[in-house]
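Me: I am new to this structure and would like to get to know it step by step. Could you take my questions one at a time?

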Amino acid sequence: MSSRIQACNLFKKAVLHLLSSILLSRVSSNLLFLLIDSSKETENYLLGVGRADCTGPVAEIPLMGYANPDQVGGGLLMRLYSRAFIVADVDDSRRVVFVSADIGMVSQRVRLEVLKKLKSKYGEMYRQDNVILSGTHTHSGPGGYFQYTLFWITSKGLIRQSLNAIVNGIVKSIDIAHQNMKRGRLFINRGTVENSQINRSPFSYLENPPSERKRYSSNTDKEMVMLKMVDMNGEDLGLISWFAVHPVSMNNTNRLVNSDNMGYASYLFEQEKNKGMLPGEGSFVAAFASSNLGDVSPNTKGPFCVNTGESCNNPQSTCPVGGATMCMAMGPGNDMFDSTRIIGQNIYMKARVKTCKPALGYSFAAGTIDGVGAFNFTQGSVDGDPFWDEIRDQLLGEPSNETKACHKPKPILFSTGEMSRPRPWHPDIVDVQIVAIGSLAIIAVPGEFTTMSGRRLREAVKKEFDSHGTRRMDVVIAGLCNVYTHYIATYEEYQAQRYEAASTIYGPHTLSAYIQLYRGLAKAIATNRVQDLPRGPEPPFFNIGNLTLVPALTADRVPTNKTFGDVLKEVRKQYRVREVAEVTFVGANPRSSTENVTEHNFLTVERYTRTSERWDVVENDASWDTRFYWTKGLFGRSNVTIEWHIPPGTEPGVYRIRYFGHYKKKLVNNHVITLPFEGTSSVFEITVL
């Protein structure tokens with residue numbers, strides 16, 4: 001009996017470490033929108049761009065992506081933004097919205113709440129059929145914004161702060177784009193990005209037919225597609241770039257909220273265009289959006305054993321000593337910050353077949369070379385394990401024979417499609433969507449397509465357009481849109497049962513089902529029969545409450561004889577470029593700031609201007625060169641450490657670092673109020689030598 005209890009506890013722990021997010025069982029094929037016939041003049045558009053903060057809480061909240069509940073936020077590296085783009089006919093008869101948000105993925109709950117707010121503001125102008133919401137897939141953003149059970153496990157439930165920040169940020173970015181619309185032109189360009197990606201499942205890729213693989217020079221898609229918006233005076237308004245790479249340069253040891261490599265590319269482009277402005281300011285908006293990134297890693301040095309240094313580039317991604325937990329990919333930089341910078345810099349420079357009920361395979365538990373799982377599960381598993389099967393059956397229920405047969409050769413670890421308590425574990429209604437803007441067709445996909453899956457989908461959609469008289473269409477995949485459905489591998493890749501295949505939860509024919517649906521949408525657009533498409537079923541809107549395991553905010557406290565914002569460790573008196581200025585303050589829980597303001601700056605770096613005798617802000621908490629670390633202590637105490645990695649080109653002079661926060665104070669009547677405070681470092685000098 002004791003061994004069974006121990007095994008059950010072990011299994012529960014495994015669930016917490018392994019589960020993340022996944023896919024569909026009933027597909028809604030109603031969504032597409034034909035914006036403008038490609039025979040019209042390409043310059044006759046109304047264009048609008050907008051950007052808004054969607055960072056949310058940066059402390060104590062599990063980060064979304066690696067499915068590790070122990071990876072919780074502990075500070076801020078870069079702020080997260082929602083970037084919105086609106087394109088409309090000049091007579092305003094039709095319009096489309098594309099949003100790229102610096103989040104792990106778009107949840108169905110986020111989409112539903114955004115559409116609800118848009119309807120209350122704009123009536124039927126912005127609807128389910130003409131709004132695309134896409135996540136960049138950063139693995140370093142706050143989680144807790146889902147309404148399905150599976151996603152609650154590693155996010156510790158629903159975190160209203162996260163959900164509200166994302167929803168409000170997306171809506172605000174659309175508001176700004178709506179208010180700033182003007183006539184302009186669209187330009188499409190393509191380019192190749194080198195030295196920025198590898199296929200993290202090359203053994204799965206090799207399962208695809210040789211005749212198909214010979215058509216491509218690489219096992220990843222290196223092409224970037226860019227849509228640029230320019231007003232009638234030739235001034236750049238913004239751009240959307242689609243490129244296939246996982247934003248996992250920041251690995252699963254990271255605790256700082258940030259937008260990873262794709263966000264850094266946006267940061268660089270916007271800083272270049274919005275000269276003299278702080279990050280997050282300025283009218284030019286640059287989105288680097290996700291595409292078919294399912295099996296594409298930015299860790300270009302490849303997988304190696306972190307304990308021995310030898311390669312672990314094998315089908316199971318295991319090491320001779322330590323197994324799968326020691327196998328991890330890195331690169332190309334010296335650390336994850338450096339790698340994020342390099343990959344982001346590279347990207348910036350190139351500016352109805354039967355599916356199955358959802359289920360996760362054993363290899364899902366293994367994770368990937370970008371972030372391994374727990375308990376030494378390995379990739380490539382086509383056999384189950386009697387021990388884990390028995391524990392699963394006792395705790396969660398045995399998968400049905402139908403589901404087992406449907407998913408073969410996948411051995412089922414969790415039959416999520418047959419699990420409905422406390423509510424369904426996965427969505428069973430999923431949006432598919434195509435938006436056509438002139439000769440550009442944007443395929444909004446609700447998950448992570450592998451390289452070859454994306455190629456097959458693009459080709460099928462393009463052929464559909466061609467066969468119905470709409471030739472020369474530029475077809476691009478926008479990944480992780482509208483609802484998250486995890487991975488989509490090809491039938492052949494599915495047989496290898498590595499991570500991406502084990503996470504293709506609707507079985508081996510998932511890709512074929514998607515291709516059939518998207519071909520139908522393309523045909524409807526090309527033949528002008530959009531109005532004949534059925535709307536399909538509506539997704540549920542759960543009353544999910546506020547159930548969460550995240551600790552409640554309590555009163556903040558300070559050490560004896562100290563106040564909030566006092567300096568505990570001062571800066572040095574002098575620094576040079578490339579050194580790190582560091583200061584530590586008596587701090588408070590950053591979540592208190594998130595509760596009170598939607599766009600709060602935790603820090604500024606300021607330079608003294610002698611001629612005007614004032615302090616000018618030169619960096620803030622959205623800057624790449626600043627880092628905000630929060631350390632939780634005992635009895636409500638906490639510290640904040642701010643680093644400024646002084647970049648090349650910084651002007652010599654006198655500087656200071658400031659910290660802004662909020663603390664909770666308990667009154668005599670037991671009411672709790674929130675009060676602002678700030679702290680300032682001593683002045684320091686940056687010298688040339």
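**A first walk through the model**

Reply: Happy to, and please keep in mind that this is a predicted model. A good place to begin is an open sheet of 7 strands with antiparallel pairing, in the order β8-β3-β4-β31-β32-β28-β26.

Me: Which strands stand at the edges of that sheet, each with a single partner strand?

Reply: The sheet is open, and its order runs from β8 to β26. A strand with a single partner has one side left without a neighbour in the sheet. The strands in that position are β8 (141-142) and β26 (567-569).

Me: In β8, what is the bridge partner of Met64?

Reply: Strand β3 covers residues 59-64 and pairs with β8 in the antiparallel sense. The two are held together over 2 bridges. In β8, the partner of Met64 is Gly141.

Me: Let us turn to β12. How many of its 7 residues are buried?

Reply: Strand β12 spans residues 236-242. Buried here means under 20% relative accessible area. The strand is largely enclosed by the rest of the structure, because the number of its residues that are buried is 6.

Me: Does β12 run parallel or antiparallel to β11, and which residue in β12 does Met226 stand opposite?

Reply: β11 (residues 223-231) and β12 are joined by 6 bridges and run antiparallel. They form a hairpin with 4 residues between the strands, where Gly234 takes a positive phi near 85°. Opposite Met226, in β12, stands Ser241.

Me: What is the bridge partner of Trp242 in β13?

Reply: β13 covers residues 285-289 and is joined to β12 by 5 bridges. These two strands run parallel. The β13 partner of Trp242 is Ala289.

Me: Now for the inside. Which element gives the most residues to the largest nonpolar core?

Reply: This core has 41 residues, and those touching the most other members include Val110, Leu118, Tyr145 and Ile174. At least two residues each come from β5, β6, α2 (108-122), β7 (131-135), α3 (149-155) and α4 (160-179). With 7 residues, the element that gives the most is α4.

Me: How many residues are in the second, separate core?

Reply: Among the members of this second core are Leu63 and Leu76. Val640 and Ile657 also belong to it. The size of this core is 31 residues.

Me: Tyr145 was named in the largest core. Which residues is it in contact with, leaving aside its neighbours within four places in sequence?

Reply: Tyr145 is one of the residues that touch the most other members of that core. Its contacts include Met64, Ile103, Gly104, Met105 and Ser107. Also in contact with Tyr145 are Arg109, Val110, Leu158, Leu163 and Ile166.

Me: How is empty space found, and what is the volume of the largest cavity?

Reply: Rolling a probe the size of a water molecule over the atoms shows where empty space is left. The lining of the largest cavity divides into 5 nonpolar, 4 polar and 4 charged residues. Its volume is about 80 Å³.

Me: Which element gives the largest share of that lining?

Reply: The largest cavity is lined by 13 residues, and Met78, Tyr81, Arg83, Tyr267 and Glu270 lie nearest its centre. The elements giving two or more residues to the lining are β5 and α7 (260-273). The largest share, 4 residues, comes from α7.

Me: Is Leu511 buried or exposed?

Reply: Leu511 sits in helix α14 (residues 510-526). Leaving aside neighbours within four places in sequence, its contacts include Phe449, Arg456 and Ile488. Its relative accessible area is 4%, so Leu511 is buried.

Me: Where is Asn670, and is it buried or exposed?

Reply: Asn670 lies in the loop between β33 (653-666) and β34 (672-680). Its phi is positive, about 70°, although it is not a glycine. At 54% relative accessibility, Asn670 counts as exposed.

Me: What is the relative accessible area of Asp92?

Reply: Asp92 also has a positive phi, about 60°, without being a glycine. Its place is in the loop between β5 (81-89) and β6 (95-101). Asp92 is partly exposed, with a relative accessible area of 37%.

Me: Last one: which residues does a cis peptide bond join?

Reply: One of the two is found in the loop between β16 (327-330) and α8 (336-349). The omega of this bond is about 5°. The residues joined are Gly331 and Pro332.

Key:
Residues numbered from 1 in each chain as written. Predicted model: local features only at pLDDT ≥ 70, side-chain atom pairs only at ≥ 80, totals over all residues. Heavy atoms only, no water. Buried < 20%, exposed > 50% of the residue type's maximum accessible area, 1.4 Å probe, protein only. 1 Å grid on protein atoms, 1.4 Å probe; cavity = no way out; pocket = protein on both sides within 12 Å on 5 of 7 lines; lining within 4 Å. Points joined across faces, edges and corners; volume = space filled by probe spheres on them. Nonpolar A, V, L, I, M, F, W, Y, C, P; charged D, E, K, R; others polar. Core = buried A, V, L, I, M, F, W, Y, C linked by side-chain atoms within 4.5 Å. Contact = heavy atoms within 4.5 Å. Pairing = 2+ DSSP bridges.
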